[in-house]
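Thank you for making time for this. I would like to walk through one model at an unhurried pace, and I will put it on the screen before I say anything about it.

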Amino acid sequence: MSVSAEQLRSGELSRTAASAVGEAIRVTGIVQGVGFRPTTWRLANELSLKGYVYNDSQGVVIHVWASSDTINHFIHALKENTPPLARIDNIQRATLSIDEAPDGFTIRTSESNSVQTNVTPDAAVCVECLTDIFNPLDRRYRYPMTNCTHCGPRFSIIESIPYDRANTSMKTFEQCGECLTEYKSPHDRRFHAQPNACYTCGPKVEFERIDNNALCMESITQMDSVDGACTVLQNGGIVAVKGIGGFHLACDATNDSAVQRLRNTKQRNVKSFALMARDIAVVRRYARITAQEEILLSSVEAPIVILSKTDQVPPGTKRAFGAKEGERANDLIPISDIVAPGLNTLGFMLPYTPMHHLMLRRMNRPIVLTSANLSDEPQIIHNDDIKDRLDTIADYVLWHDRDIVNRTDDSLIRIVGNQARLLRRSRGYAPAPIPLPQGFDNVPELLAMGGELKNTFCLLKNGQAILSQHMGDLENAAAYADYQKNLTLYADLFQHSPKHIVVDAHPEYLSSKLGRQRAEDDGLDCHVVQHHHAHIAACLAENGYPLDAEPVLGVALDGLGYGTDNTIWGGEFLIANYLSSERVGTFKPVRMLGGSMAMREPWRNTYAHLISETSWPQLKMDFNELNLIQFFEGKPLDTFNAMLAKGTNAPLASSCGRLFDAVAAAMGICREAAVYEGQAAIELEAIVDQDTLHNEDELLAYPFSIPRLDNKLPYVEPLGMWQAILGDLILDTPKPVMSARFHKGLANIIVTMIKKLTTQYEERFIHTVALSGGVFQNKTLFELVLSKLEKDNFNVLTHQQVPANDGGIALGQAVIAAARIIKINRSSSCV
């Protein structure tokens with residue numbers, strides 16, 4: 001029986017339906033705190049249904065009485081009218097007695113039992129709430145903490161499940177009469193909006209000097225505290241601003257002295273700063289925006305989006321690209337060169353809280369908005385820490401008295417290969433669950449500890465993977481302490497009691513040491529997973545690749561990971577599924593001169609690579625006129641040559657990341673030092689000449705070959721590449737051209753290796769390729785490899801929901817351990 005929308009709205013279907021039946025409907029997914037119950041109530045009443053809806057710790061339960069056809073159409077309407085922040089993963093239906101039917105349809109209070117529901121990520125302010133705060137006649141006019149069921153804080157304020165006000169940091173703010181009326185009315189979009197508040201009853205916003213000296217607001221603004229922050233930013237000040245998941249440091253991005261002062265005091269010397277702009281029009285003045293990127297910027301997740309820079313307009317130009325008619329020339333001041341030095345991209349986000357929108361209302365140029373901390377430390381979330389830890393950095397603080405319970409950094413995303421791909425998964429995305437692929441049903445609860453850098457951890461529960469927000473680099477003591485705190489938090493929040501612990505194979509990772517200790521202390525099984533196998537498994541899992549599907553060829557390219565032969569890997573070709581992996585190809589193992597020092601001083605990799613191909617006397621004789629050779633002569637080469645010969649503090653590493661470092665340093669990019677991870681590779685990609693990349697003869701791409709190691713393993717040999725690079729240096733070839741030739745050549749050899757390893761007796765026996773590892777966050781390399789593979793009709797699996805870097809390996813660890821457990825259980829059941 002088909003039915004029109006008008007019939008659904010009028011209830012005609014229920015009036016014309018046959019005899020009534022009763023059903024209990026359970027809806028799981030992201031369905032709490034997102035307006036799902038009022039949507040259910042509205043649809044049920046439009047259809048004149050009888051029943052009720054309530055939350056429990058597994059999701060939402062609906063008891064409904066009507067005809068079978070009406071109930072079917074009601075469920076269809078639920079799916080079609082899902083609230084903006086909701087996600088339905090599953091709907092289960094069971095029969096109820098017709099005698100239990102109540103009069104009308106109501107919303108009942110939550111029930112609490114064993115936790116199986118999901119926690120909603122924080123969401124950017126919605127259009128309706130923005131309308132409220134900018135409407136002078138609205139009671140929330142310019143109220144910076146405005147929110148509703150469709151937007152605002154969620155994960156950052158929750159202390160336990162179910163998501164009710166009493167279980168959040170809003171429990172100390174008792175709602176006033178007007179707010180309570182909204183909260184209790186299913187007709188209102190603030191129905192059961194747990195952070196609901198207004199000027200009368202909600203959190204208060206203050207603007208203060210960091211040094212505790214008195215602040216004369218009248219000298220700054222005639223409006224309010226938030227507007228005062230805007231004035232300070234316009235005048236070159238630095239302001240600490242409390243966001244949803246932590247404090248930020250803000251300054252005018254066009255003010256060189258303000259940006260440099262922020263760099264000096266924050267101790268972030270080179271790494272690019274994130275930017276926030278009032279609206280899309282401001283962003284367009286400084287960056288090229290595609291339709292996909294505009295959607296991401298304006299999404300409820302509101303991530304930082306990596307955009308290509310435009311050619312910036314000097315002061316005095318009549319009008320910039322994207323600027324509106326009538327805007328003044330002094331609104332077009334270029335962004336400071338020291339915001340993103342050495343890069344051709346900018347990381348922009350739009351305001352995602354009412355406070356951001358109000359603060360930037362009069363700001364016609366971008367601001368820097370970077371995490372409030374010293375470099376590499378966790379973002380500050382507590383008001384009590386601000387004046388002690390930021391007194392030498394910020395001039396003022398704009399804050400409120402709603403506590404942040406859970407720290408969440410800004411997420412980072414980029415369009416690569418025409419798809420949005422997360423580089424850092426945090427605010428707006430975490431801890432939304434990732435459904436596990438077919439075959440992973442009934443896996444016992446387990447905890448995967450993640451890696452050392454860009455750490456996340458992962459819980460498996462009820463057929464879903466719950467991947468934590470970005471934790472950072474555990475080498476930092478404060479980050480490691482925060483990691484431990486969040487492990488406890490997630491265990492409590494999700495009532496998670498793992499039976500298994502999963503760790504990386506590297507014996508010195510702090511996460512692995514902690515996992516082994518916890519397994520020993522609690523008597524749990526501890527599973528050890530090889531780093532690059534975890535990369536590939538993470539890619540398989542997020543693409544829904546079934547447990548029992550055929551093996552794939554995984555290509556995992558990164559900086560380093562501990563190999564099964566107890567050496568450092570980082571450029572690996574693996575035939576893999578969830579259960580196992582076999583290393584079938586690699587990059588040339590080259591010594592890391594000085595061990596970890598090679599990660600911080602790229603020239604060490606250049607020297608080690610060159611000496612692995614020739615001798616120093618030969619190198620000097622052939623290329624003595626090069627600045628590179630003269631640079632090396634200033635180093636203690638006798639000592640270094642002995643280290644390389646004997647392997648003393650110079651471990652072998654088949655690392656693609658170190659190859660990028662070596663090539664960049666040879667060209668003079670970050671030769672002496674890389675201040676942050678991946679800097680040399682990032683700056684090398686930034687200078688790629690696009691004409692050379694797309695139009696130059698393929699024969700000029702730098703050549704590689706594929707010989708075999710002593711153990712018969714095929715490997716990527718860069719001898720020809722080094723000969724070509726040194727030749728181009730002799731010819732004084734422009735660096736952008738050299739960078740393009742390197743990227744083209746590397747992509748070619750990766751694809752050639754893939755074809756070689758997937759073909760036997762001139763027939764392809766593996767058809768699916770999975771690409772993972774941090775090197776594949778290089779847009780140029782990734783797109784070259786992807787396009788070549790797709791042209792050759794490979795099924796290519798890549799990352800989108802989970803970072804390709806080490807931020808995703810916890811998911812891979814989890815599904816590998818789960819696959820092992822399932823295999824054991826299957827074997828046991830057959831005995």
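Before we look at pairs of helices, one term is needed: a crossing is called left-handed if the near helix is turned anticlockwise from the far one by less than a right angle, and right-handed if clockwise. Please also keep in mind that everything on the screen is a predicted model.

With that term in hand, let me begin with helix α21, residues 656–666, and helix α24, residues 719–730, whose axes come within 11 Å and cross at roughly 20°. Angles under 35 degrees count as roughly parallel, and α21 and α24 are therefore roughly parallel to each other. The crossing of these two helices, α21 and α24, is right-handed. On the α21 side the contact is made by Leu659, Ala662, Val663 and Ala666, and these meet Met721, Trp722, Ile725 and Leu729 of α24. Sorted by character, the residues of this contact between α21 and α24 comprise eight nonpolar, no polar and no charged.

A second pair makes a useful companion, namely helix α25, residues 735–757, and helix α26, residues 779–791, which pack at an angle of about 40° with their axes 9 Å apart. That angle makes α25 oblique to α26, and the crossing of α25 and α26 is again a right-handed one. From α25 the contact draws on residues including His743, Leu746, Ile750 and Ile754, while α26 contributes, among them, Thr780, Leu784, Val785 and Lys788. Here the residues of the contact of α25 with α26 divide into nine nonpolar, three polar and two charged.

Let me step back to the whole chain for a moment. The protein holds 27 helices and 32 strands, and its C-alpha trace spans about 95 × 80 × 55 Å along the principal axes. For 831 residues, a compact globule would have a radius of gyration near 28 Å, and the protein has 29 Å, which agrees.

Now to the sheets, with a word of background: strands of a sheet pair through backbone hydrogen bonds, either parallel or antiparallel. Toward the start of our tour of sheets is an open one of five strands, in the order β4-β1-β3-β2-β5, with mixed pairing. Which strands stand at the edges of this sheet? They are β4, residues 87–96, and β5, residues 105–107, and each has a single partner strand, so one side of each is left without a neighbour in the sheet. From one strand to the next the twist averages 15°. Within this sheet, β1, residues 21–30, and β3, residues 59–66, run antiparallel and are joined by seven bridges, with Ile25 standing opposite Ile62 in β3. Helix α3, residues 36–46, packs on the sheet and touches β1, β2, β3, β4 and β5, its direction making about 170° with that of β5. Helix α4, residues 68–80, also packs on the sheet, touching β1, β3 and β4, and its direction makes about 165° with that of β4.

Another open sheet has six strands in the order β17-β20-β19-β18-β21-β22, and its pairing is mixed. Its edges are β17, at 434–435, and β22, at 525–529, each with a single partner strand, so that one side of each is left without a neighbour in the sheet. Helix α14, residues 510–522, packs on this sheet by touching β18, β21 and β22, and its direction makes about 155° with that of β21. Inside the sheet, three bridges join the antiparallel strands β18, residues 446–448, and β19, residues 458–461, and Leu447 stands opposite Leu459 in β19.

I will finish with some local details of the backbone. Strands β15, residues 412–416, and β16, residues 419–424, run antiparallel and are joined by five bridges, with Ala420 of β16 as the bridge partner of Ile415. Two residues lie between the strands of this hairpin, in which Gly417 takes a positive phi near 60°. Further along, a cis peptide bond with omega of about 5° joins Ala430 and Pro431, and Pro431 lies in the loop between β16 and β17. And where is Asn566 placed? Asn566 is in the loop between β23 and β24, and its phi is near 65°, a positive value in a residue other than glycine.

Note on methods
Residues numbered from 1 in each chain as written. Predicted model: local features only at pLDDT ≥ 70, side-chain atom pairs only at ≥ 80, totals over all residues. Heavy atoms only, no water. Pairing = 2+ DSSP bridges. Helix = DSSP H or I, 4+ residues; strand = E, 2+ residues; numbered from the N terminus. Contact = heavy atoms within 4.5 Å. Axes fitted to C-alpha atoms, helices over the stretch in contact; angles between N-to-C directions. Parallel < 35°, antiparallel > 145°, perpendicular 65-115°, else oblique. Nonpolar A, V, L, I, M, F, W, Y, C, P; charged D, E, K, R; others polar. Rg over C-alpha atoms; globule rule 2.2 N^0.38 Å.
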